[in-house]
Amino acid sequence: MQFYDSVFVYINVVNGYITGAEYQLDCAYIRSYLNKFDLKTMQYINKNIKRYSDIIRELSSISSRSYVFYINEYNFFINKLIINTLRKSNPNVTVYVFGASANYIANNLLDEVYIDMCLIDSVAYSLKDILLCNKEIWEISNIIYKADNKVYSTEKKYIDYSLDDLGLPYSSGVIPPEEIQNVGMVSSVGCYGECSFCSYVNSKMFRIHSINSIIQELKYISYFISGKNTKVSFFDDCFSVSKERTIELCSKIISAGLQFQFWCCTRSDLLTKDVIDAMAECNFKNIVIGLESASCNTLDKLGKLGKNQNAADYIYNLQNMFHYATQKGINPYISVNFGLPNEELYDALKTINFIKSNNAIKNTSVCFTTCFPGSKIFEESANYQIHKETSPTILPYRTYYNNYDMHPVFNELIKTEIISGDLKESLMKTSEHKKEYISYFTGINQDLNSVGTIKFIEIKDFNEKNSVFIDRNISINGKVISYPEKLIISKKNLFSDDRKKLKLSIKMYDENLEYAYRNDSYLPTDQASIIEKGEYTYIQPNNTYLNEPIKMKINKIDSSQSLSEIEKRAKNFFKNRVLKFNDLENSIYLNACMFSGKCNICSILRVSIADENILGCINKIKIGTINDSYENIINGINNILKETYSHRNCISCSAYNWCPKCVSLQGYISDKDYCDFIKNNKHFCFYLKVIGFLNLLLTNESSIDNIYFHIFLNSIHDGIKNTKPRFNFHENVILIEINNNFLLCNLLNNKVIKCRDIEKDAILGSKELSTFLQYNALYNQLNYHGFIGANGN
């Protein structure tokens, strides 16, 4: 077994969602430097984490004398939990921490997080001395550690080095070159601005790569992945800080024949026509320009401008460079902040008007001012009239907007569509939430990655025993569901803790999260409150503020009459091969899994906790107790399935292949009636499957009228004739037409292929592809994604 001096851990958290344990540039530079001294390191990678306990198990299995965690405000809670759990199981392991929150943790939280040492600055140099053991601990600069219940800080020392001195993360083998589109790179670090909201405390210490080193790194990457659609993001604090260097870098990239699509973030005062010309020629397709505010009153007091600059000139140049970049084929974005120090409502509206007047509605990145440790507005919040509070998990801090009411600003951003489309989805995740709750209510699991975990856990209250069960079993990005009589908002003003979303102070949400934090128990940030009112169901996902609630109409299949009504719709659907989008939205059925797909109890999609019993699905069949392990629950489910299949003689049934085999029937239908209905109504089951699939696929669409279908079932009820395709498709494949777009959909694995007209015609058998190569390429694509079997023509 390979032994490591250090295992680096970076848990990436985006908008509250854990995307995985991933590669990270700061970790990579430190590892590149340590490699020069023959120190063995690795980056822990897991991009498909099922449960939090998976991280603990996998880290514990690695032979290493230390772990090094990169911690920022967003991933603090999950890292605290991982570190404390690791230390409880192995008290002798050494844990080091660095990153944006290391200094705050060192000075405030060493009693709560079992860390040996916080590395504050020049981390590669400090860690090298620690691992080589060539100095006494107090002789190593820029560290804070705890010993004998006391906290010690060593000398804060500036070390002069360049990025070249650390190394090249890709060509040194630390990051696989194929990761370039996920991880990006830097050409420099540091910024001369003094923005009061910025927490990069060492931003004025410029460190750069030589241009030759950047070209060497890009050349190495290009051996493995390249092309004008391969995105390389420069995550410099302030790209183009030197006009001459930027132009030279672009020129060298062109002369080296490097083919990439570039992205960067910069400032208005660093952009000129010459710089933009060079970037456009070099294939910079996206640049983000920091505006923050279009109000001179706000911008003048922000610290963003240099001594000889004024806000009006900065804003004017940004306006000109934005339009010039657009003319040159670059897609520029303007970055703005709301809730800034000294900002009033009219200042915020002035920024919105600036965006509208410059036709930048679709090209604006919206942020909400958030206090991060190390920033001026955090350290001197009273002077900046900023109201901050710790969150239930301490970090990140919450920034409340007391200077003016943020509701009308947010509503105006929605109304003007500055927040719309992809941006609206990234900020609010409305359609993503809706998809997941459709899955919760219908029982049809479209998230195949969640198999092996419990996606939804419904609780009445959050107590010690419930928290232990959730900690052990819930999916890393699962949802805890509750049905409160009403939602209690403890504070009137909105806040943000992640710069991207406005949030509500929901009493129950905060109490649950604080309990989990204090008891080192995992709890996803996504806790949903569901309130049923009249014929509609209203959903509050986590604590995100939405200008209008998620509203859904959930239909029930709870009688023979409701079955008959759906059966009529199913027959009409097969006869006409068309659905109206409005009808689709009103066709979300509670427990539709009873008649379509596969009984969700098999994948334990959703459970509820009642009196220490674990009940499977919304129909509430007991599958275990709160003390059972996940494996024991699986065994209990298998016994239920075995008994049910035996009782119904499922194995010899003609409907075995398409029957959902529901094991938790409701009172209106007996086992015998259920089996007879499924056998005689294949079209019914297929119809509900199509409805469920499309409700998830088209959640965010609003401009659709009719949806047209081609169905490839080999046999169907009442002798309805089906499309005879060129290929031998599986029975779960349909071709749908939406607004003149053709989508080939596999209802079994949720794969969707967008078809060109020539491919659509070939699939339907109305035209042949012109060459064998075209046919072979289409056949291979269909076969790879499971649309056809080995016998496809």
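**Note on the predicted model**

1. Pro396 is found in strand E20, which covers residues 394-400. The peptide bond that joins Leu395 to Pro396 is cis, with omega at about -5°. Most peptide bonds are trans, and most residues other than glycine have a negative phi. The structure is a predicted model, and the points below should be read with that in mind.

2. As to overall architecture, the protein contains 26 helices and 36 strands. Its radius of gyration is 29 Å, close to the 28 Å that the globule rule gives for 793 residues, so the protein is as compact as a globular protein of that length. The C-alpha trace spans about 80 × 65 × 55 Å along the principal axes.

3. Packing and surface may be taken together. Of the 793 residues, 56% are buried. Among contacts between residues at least 6 apart in sequence, 70% join residues at least 24 apart. The protein exposes about 34,300 Å², and carbon and sulfur atoms supply 46% of that area.

4. On charge, the protein carries 86 positive and 85 negative side chains. The centres of these two sets lie 5 Å apart.

5. Thr370 merits a closer look. The residue lies in the loop between strand E18 (364-368) and helix H14 (376-379). Is Thr370 buried or exposed? Its relative accessibility is 3%, below the 20% limit, and Thr370 therefore counts as buried. Two polar contacts involve its side chain: a polar atom lies 2.9 Å from the backbone oxygen of Phe368, and the side chain reaches the backbone nitrogen of Arg499 at 3.1 Å.

6. The surroundings of Thr370 draw on several parts of the sequence. Leaving out residues up to four places away, Thr370 touches Phe197, Ile377, Tyr397, Thr399, Tyr401, Ser496, Asp497, Asp498 and Arg499. Of these, Arg499 is also the residue whose backbone nitrogen is reached by the Thr370 side chain. Tyr397 and Thr399 fall within the residue range 394-400 of strand E20.

7. Tyr401, one of the residues touched by Thr370, also serves as a reference point for Lys492. The C-alpha atoms of Lys492 and Tyr401 are 9.9 Å apart in space, although the two residues are 91 apart in sequence. Lys492 is placed in the loop between strand E22 (474-482) and strand E23 (495-496). With a relative accessible area of 74%, Lys492 is exposed, whereas Thr370 is buried.

8. Leu584 is part of helix H21, residues 581-585. Its relative accessible area is 0%, and Leu584 is accordingly buried. Which residues does Leu584 contact, leaving aside its neighbours within four places in sequence? They are Leu579, Ile691, Leu694, Asn695, Leu698 and Ile707. By contrast, Ile758 is 174 residues from Leu584 along the chain, and their C-alpha atoms are separated by 29 Å.

9. Ile707, a contact of Leu584, falls within strand E33 (residues 706-711), which also holds His710. His710 has a relative accessibility of 24% and counts as partly exposed, since that class lies between 20% and 50%. Its C-alpha atom is 7.1 Å from that of Arg577, with the two positions 133 residues apart in sequence numbering.

10. Asn283 sits in the loop between helix H10 (273-281) and strand E16 (284-292). Its relative accessible area of 12% makes Asn283 buried. Apart from residues up to four places away in sequence, Asn283 touches Lys228, Phe260, Gln261 and Phe262.

11. Two backbone conformations deserve inspection. Most residues other than glycine have a negative phi. Cys617 has a positive phi, near 60°. Cys617 lies in the loop between strand E31 (613-616) and strand E32 (621-625), and is buried at a relative accessible area of 9%.

12. Lys661 likewise has a positive phi near 60°. The loop that holds Lys661 runs between helix H22 (630-648) and helix H23 (671-680). Where does Lys661 stand, buried or exposed? At 10% relative accessibility, Lys661 counts as buried, whereas Lys492 is exposed at 74%.

Key:
Residues are numbered from 1 along each chain as its sequence is written. Side-chain values use heavy atoms; hydrogens and water are left out. Helices (H or I, at least four residues) and strands (E, at least two) are DSSP runs, numbered from the N terminus. The radius of gyration is taken over C-alpha atoms; the globule rule is 2.2 Å times the number of residues to the power 0.38. Buried means under 20% relative accessible area, exposed over 50%, partly exposed in between (1.4 Å probe, protein chains only). Contact means heavy atoms within 4.5 Å. Accessible areas come from the Shrake-Rupley method with a 1.4 Å probe; for residues, only the protein chains shown count as cover. Lys and Arg count as positive and Asp and Glu as negative; His and the chain ends are not counted. The place of a charge is taken as NZ of Lys, CZ of Arg, CG of Asp or CD of Glu. A polar contact is a pair of N or O atoms within 3.5 Å; within protein, one must be able to donate a hydrogen and the other to accept it, and residues adjacent in sequence count only if both atoms are side-chain atoms.
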